[in-house]
Amino acid sequence: EAVVSTQSTGDAARDALKLMGNRRYYDQLISDAAQCSAITDEMDVATLRDFMILQSHEDELPSYLGGRHNQWRELTLENLTRRDVMYDVVDYIKSGKRSDRLRSEFPTLQIRSLA
């Protein structure tokens, strides 16, 4: 039988173990351990930051655990504000044209795009 650390959760854990059986109970423990982020459910979301953490967690979680198994996203100009220098970097990569701000912040950047 599994060892439980505290008395208050001990009764519930023992009951769950009896109802689920050893194999399912340990599978659940492993699944819970894989979800190491504190925010793993929509019920945990209280702020926009929490929502972004949840989205990241769901993106990176393997699909067999209920995630999307998507560890990359295409960076587009729609995702960036014009005030961010990354907007100019992505625009330069796509169009090959350097903005004034890009010239001043990255003077050693190539004149011609590699694309």
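**Salt bridges and helices**

Me: Is D27 buried, exposed or partly exposed?
Reply: D27 has a relative accessibility of 35%. Buried means under 20% relative accessible area, exposed means over 50%, and partly exposed is in between (1.4 Å probe, protein chains only). So D27 counts as partly exposed.

Me: Which residue does D27 meet in a salt bridge?
Reply: Heads-up: this is a predicted model, so local features need pLDDT of at least 70 and side-chain atom pairs 80 or more, while totals for chains, interfaces and linings use all residues. Residues are numbered from 1 along each chain as its sequence is written, and side-chain values use heavy atoms, leaving out hydrogens and water. A salt bridge puts a side-chain nitrogen of Lys or Arg within 4 Å of a carboxyl oxygen of Asp or Glu. At 3.7 Å, N to O, the partner of D27 is R23.

Me: Which helix holds both R23 and D27?
Reply: Helices are DSSP runs (H or I, at least four residues), numbered from the N terminus. R23 and D27 sit four residues apart, about one turn of the helix. Their shared helix, residues 22-34, is α2.

Me: How many residues apart in sequence are the parts that D88 and R101 tie together?
Reply: The side chains of D88 and R101 meet in a salt bridge at 2.6 Å, N to O. D88 lies in helix α4 and R101 in helix α5, so the pair ties together parts whose separation in sequence is 13 residues.

Me: Where does D100 find its salt-bridge partner?
Reply: D100 is exposed, with a relative accessible area of 62%. Its partner lies three residues apart, also in helix α5. With the closest N and O atoms 3.1 Å apart, that partner is R103.

Notes: Helices (H or I, at least four residues) and strands (E, at least two) are DSSP runs, numbered from the N terminus.
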